[in-house]
Every structure is written in structure tokens, then in C-alpha cells.
Amino acid sequence: METINVALIGQGFMGRTHSNAWGQVSKFFQTPIKPVMHTVFGQEEEDPRAFADNWGWQNASTNWEELVASAQIGLVDVVTPNFMHAPVARAAIAAGKPCSCEKPIAGTLDDAREMVEAAKAAKVKTFVWFNYRRCPAVGLAHQLVKQGKLGEIRHVRAAYLQDWADESIPLLWRFDKSLAGSGAHGDLNAHIVDMPRFVTGQEITEIAGAIAETFIKQRKLMSGTATGGIAAGAESAQGTGKVTVDDTVLFLARFSGGAVASFEAARQATGNQNRNTFEINGTKGSLKFNFERMNELEYYDATLSRAVQGWTTIMCTHGGDHPYVANWWPDAHLIGYEHGFTNQAYDILRVLAGEEPTVPIPDFEDAYQTQRVLEASLLSADQRRPVNLEEVK
Ligand SMILES: NC(=O)c1ccc[n+]([C@@H]2O[C@H](COP(=O)([O-])OP(=O)(O)OC[C@H]3O[C@@H](n4cnc5c(N)ncnc54)[C@H](O)[C@@H]3O)[C@@H](O)[C@H]2O)c1
């Protein structure tokens with residue numbers, strides 16, 4: 001079987017999810033190409049050799065430039081903070097290698113545009129890890145809309161709420177604009193802009209009424225690095241530093257098909273640990289998804305007689321009817337967070353082999369459209385006015 005040597009650039013939270021995915025994918029799926037876990041990059045103090053041994057990488061490196069350029073590497077997978085996505089992707093593309101990159105595609109729209117242009121010019125395949133598209137329930141939502149089950153879409157309501165960022169959390173890279181680009185916005189709104197774009201097949205055309213707020217403006221400095229789960233293991237040092245990103249961003253939007261929408265991302269919404277949700281209402285029916293119950297999709301069929309209309313909770317675990325699950329477990333033997341990443345690794349390998357992905361997979365160009373929406377909403381919040389997406393290119 002054909003193989004491809006993967007280089008993983010970063011070994012934090014996403015370093016672990018991607019390592020798990022590359023290690024599992026050819027065990028559960030018949031992949032057209034077998035990924036070889038060739039080398040992981042980490043910073044010296046993170047002990048990349050120990051990470052490599054634990055996760056099954058053959059080699060460890062503390063020099064990403066050299067690693068990306070190495071003739072032995074076939075695919076570059078980027079799981080670093082956002083400011084590094086562009087330089088690493090640029091180096092991969094310059095070396096003629098396909099590149100899969102974590103979301104948001106970049107910290108800034110300029111970086112994102114440059115990544116798209118470089119990939120187009122070099123004709124390399126690119127991928128962005130909007131992993132929630134690869135939950136079977138979200139894939140099913142996409143398929144139901146495509147089959148016309150919702151009719152004309154009128155409303156999209158999306159919220160991604162977390163509550164980990166209280167005063168005790170030190171100044172992680174996630175709170176620094178030069179490293180992250182934005183806060184909850186790029187971290188969480190990126191996902192809930194991508195998912196409805198994917199599910200409805202429509203683009204956002206206008207933003208209005210955006211609000212960005214930073215509640216905690218100074219945080220304690222950080223000592224060392226976090227150990228792999230957003231803020232897990234992060235310790236404070238002496239002194240404080242300025243937070244330069246948002247804690248929350250909310251905005252309203254219009255979709256190309258006429259639907260109106262609301263979006264909210266928050267990191268201090270106590271009681272909501274990872275509440276990643278959307279609801280879509282159409283003339284023939286509605287759908288609801290909540291990642292905290294990720295195996296389920298709620299469907300309301302408005303074409304039934306009123307006497308029997310009601311929300312149906314679909315357990316999206318039936319192989320054959322629901323995407324990806326035929327390769328996992330029997331009905332109602334649930335899957336979890338990590339499976340979305342393995343499903344994505346499978347589709348990356350399919351696309352690299354010239355096959356169609358199970359459901360559409362975002363490349364840099366696709367993720368750039370999400371980045372334009374993020375940029376437009378920050379502009380709307382900053383200038384307190386509606387922003388047409390045509391303004392943001
Ligand atoms: N798809 C998702 O649901 C999801 C979830 C979390 C994070 N992410 C994205 O994944 C990326 C990484 O996030 P994470 O949570 O894994 O972060 P993390 O802090 O856990 O890990 C980041 C890794 O990058 C390395 N790194 C940090 N600064 C560096 C520097 N200056 N030079 C070289 N290496 C450096 C770190 O050493 C670490 O190995 C981000 O783009 C983030 O937005 C995506």
C-alpha cells in the first residue's frame with residue numbers, strides 16, 4: 001500500500017488529538033494511503049522525544065524549518081498557535097507538500113489570504129481541521145439539508161460557549177493578539193461559522209450588530225507551558241500582562257439564501273463547558289445540534305400534520321445511514337471527541353489519493369471564507385456598523 005510520511009508541527013492539545021487520529025485511522029478505516037507517523041516537532045522544553053515515544057512517532061525534532069523541508073516528509077500537519085500557521089504552511093507549500101492546518105486558518109486575514117494564494121500557485125492540496133464537520137450528526141445535518149428536508153432556510157442560531165477562562169487562568173498564548181489573532185472569536189466562532197456554512201451550503205453576505213468584549217483585561221503572567229488541554233497545567237508567575245483579545249464576540253448575519261443568523265462565542269459562560277450548538281429552521285423543518293450530546297441530531301419535520309409534529313432525537317450511530325460510523329462500533333455504542341479527528345484524517349487521505357471525502361472537507365480557500373466572516377464581524381464591532389462581506393477580501 002502507498003504510504004505518506006507525516007510531520008506533526010506542535011505537540012499540545014491538538015498535537016495529542018492529531019497523533020491519536022494518525023495512529024488510529026488505518027486501523028478503523030480502509031485508507032487508500034497509509035500514514036506513517038514520521039516526526040513530531042515540539043519545543044525543547046516540551047521533551048518531544050518523550051511525546052514521540054508515547055504517541056508512536058518515529059522521530060522527534062526541535063527544528064520545524066528543517067523538518068518541513070526534509071525530503072522524507074510527505075504531509076505537513078500544523079497544530080501550533082495561530083500566528084505560526086502561515087509560516088509553517090508557507091514552508092510546506094514552498095517545498096511542494098500538502099498541508100493540513102488547524103483552525104482558524106490563520107491569526108489574521110492577510111496571513112490567510114497569503115496561504116490561499118501560495119497553495120493555489122503551487123497547486124498543493126490543503127486541509128483545515130474543522131473537525132466538527134466530521135461528527136456523524138453534523139454530516140447528517142448537511143445531508144438532510146441537501147436532500148431538501150428543511151425547505152427554505154430562514155433562521156440560523158449558533159453559539160459556542162465555554163467557561164474555563166476565569167481570573168485564575170494566566171496569560172496563555174490564547175489571550176495574546178500577536179499569537180492568537182483573536183480570542184473566543186477565532187477559537188470558537190470559527191467553528192460555528194464553518195458548521196452552518198457547511199450544513200446550509202450558503203455563504204454569509206452581511207454582518208450587523210457585532211459586540212466584542214474583554215472582561216478580564218490583565219492576567220497573571222504564565223510560567224512554563226500548558227500541558228495539553230487548553231489551560232490545563234498552566235501555572236502563574238510573578239507579575240501581570242495585558243489581555244489583547246476578546247473574551248466574547250456576538251454578531252448577527254445574513255446568509256446568501258436569505259436566512260438571518262445569530263452567533264455567540266464565549267469563554268466565561270459559566271455552566272457551559274463546551275456547549276457548541278446550532279439550530280437551523282427552514283420552511284419544511286428544523287435541526288438542532290449540541291456537541292455535548294454529539295451522537296444525537298434533533299430533527300423537526302414540519303410537513304407532518306400538527307397532530308404528530310414534534311422533535312425527534314436521532315441517534316446518529318447507524319452504519320450505512322450515518323457518515324463514518326460503519327467504521328466504528330455497533331448502533332448506539334457511542335463515539336466521542338477524538339473520533340471527529342480520525343474521521344478527518346481518513347478524508348484527508350482519501351483526497352490525497354484523488355478520492356472524494358465522505359462529506360466536503362475544507363481547504364485553505366474554504367477556511368478563508370470563514371476567516372472573512374470573522375474579520376467582518378470584528379470590523380462591525382469596532383466601527384459599530386453593518387459590514388457587507390464584499391468589503392472584506
Ligand atoms: N479543532 C479544534 O477543535 C481545536 C481545538 C483546540 C485548538 N485548536 C487549534 O489548534 C492550534 C493549537 O492549539 P492547542 O490547543 O493545541 O495549543 P497548545 O498550546 O496546547 O499547543 C501548541 C503547540 O505549539 C507549540 N508552540 C507554541 N508556541 C510556539 C512557538 N513560538 N514556536 C514553536 N512552537 C510553538 C507548543 O510548544 C505546543 O506544542 C491552534 O491553532 C488552535 O486554534 C483547534
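This report describes the domains, the ligand surroundings, the nonpolar cores and one helix of a predicted model.

**Domains and their contact**

The domain assignment divides the protein chain into domain 1 (3–128) and domain 2 (152–282 + 363–383). Taken over C-alpha atoms, the centres of domain 1 and domain 2 are separated by 24 Å. Contact between the two involves 23 residues of domain 1 and 22 residues of domain 2. On the side of domain 1 that touches domain 2, the elements giving two or more residues are helix 1 (13–28), helix 5 (109–122) and strand 6 (126–128). Helix 5 gives the most to this side, with six residues.

**The ligand**

The shell around the ligand receives residues from both domain 1 (3–128) and domain 2 (152–282 + 363–383), so the ligand lies between them. There are 22 residues around the ligand, of which Gly10, Gly12, Phe13, Met14 and Glu102 come nearest. Helix 1 supplies the largest share of the shell, three residues.

The table gives the residue classes for the side of domain 1 that touches domain 2 and for the shell around the ligand.

| Set of residues | Nonpolar | Polar | Charged |
|---|---|---|---|
| Side of domain 1 that touches domain 2 | 13 residues | five residues | five residues |
| Shell around the ligand | seven residues | 11 residues | four residues |

**Nonpolar cores**

The largest nonpolar core has 102 residues, and within this core Val76 and Met115 touch the most other members. Each of domain 1 (3–128) and domain 2 (152–282 + 363–383) contributes at least three residues to this core. Leaving aside residues up to four places away in sequence, Val76 touches Ala7, Ile9, Val68, Val88, Ala92, Lys97 and Cys99. A second core, separate from the largest one, has five residues, including Leu171, Ala180, Val243 and Val245.

**Helix 2**

Helix 2 spans residues 48–55, and Pro48, Phe51 and Ala52 are buried in it. Viewed down the axis of helix 2, these buried residues fall within an arc of 100°, so they line one face of the helix. In general, an α-helix has 3.6 residues a turn, so residues three or four places apart point the same way. The face of helix 2 turned away from the buried side carries the exposed residues Ala50, Asp53 and Asn54. Strand 2 (34–41) and strand 3 (59–61) are among the elements that cover the buried residues of helix 2. After helix 2 comes Gly56, which has a positive phi, near 95°.

Terms used: Residues are numbered from 1 along each chain as its sequence is written. This is a predicted model: local features need pLDDT of at least 70, side-chain atom pairs count only at pLDDT 80 or more; totals for chains, interfaces and linings use all residues. A residue is buried if 20 or more other C-beta atoms lie within 10 Å of its own, exposed if 12 or fewer, and partly exposed in between; C-beta atoms are placed from the backbone. Helices (H or I, at least four residues) and strands (E, at least two) are DSSP runs, numbered from the N terminus. The arc is that of the directions from the helix axis to the C-beta atoms. Two residues are in contact if their C-beta atoms, placed from the backbone, lie within 7 Å. Domain bounds come from an automatic or database domain assignment. Ala, Val, Leu, Ile, Met, Phe, Trp, Tyr, Cys and Pro count as nonpolar, Asp, Glu, Lys and Arg as charged, and the others, Gly among them, as polar. A residue is near a molecule or strand if its C-beta atom, placed from the backbone, lies within 6 Å of it. A nonpolar core is a set of buried Ala, Val, Leu, Ile, Met, Phe, Trp, Tyr and Cys residues joined through C-beta atoms within 7 Å.
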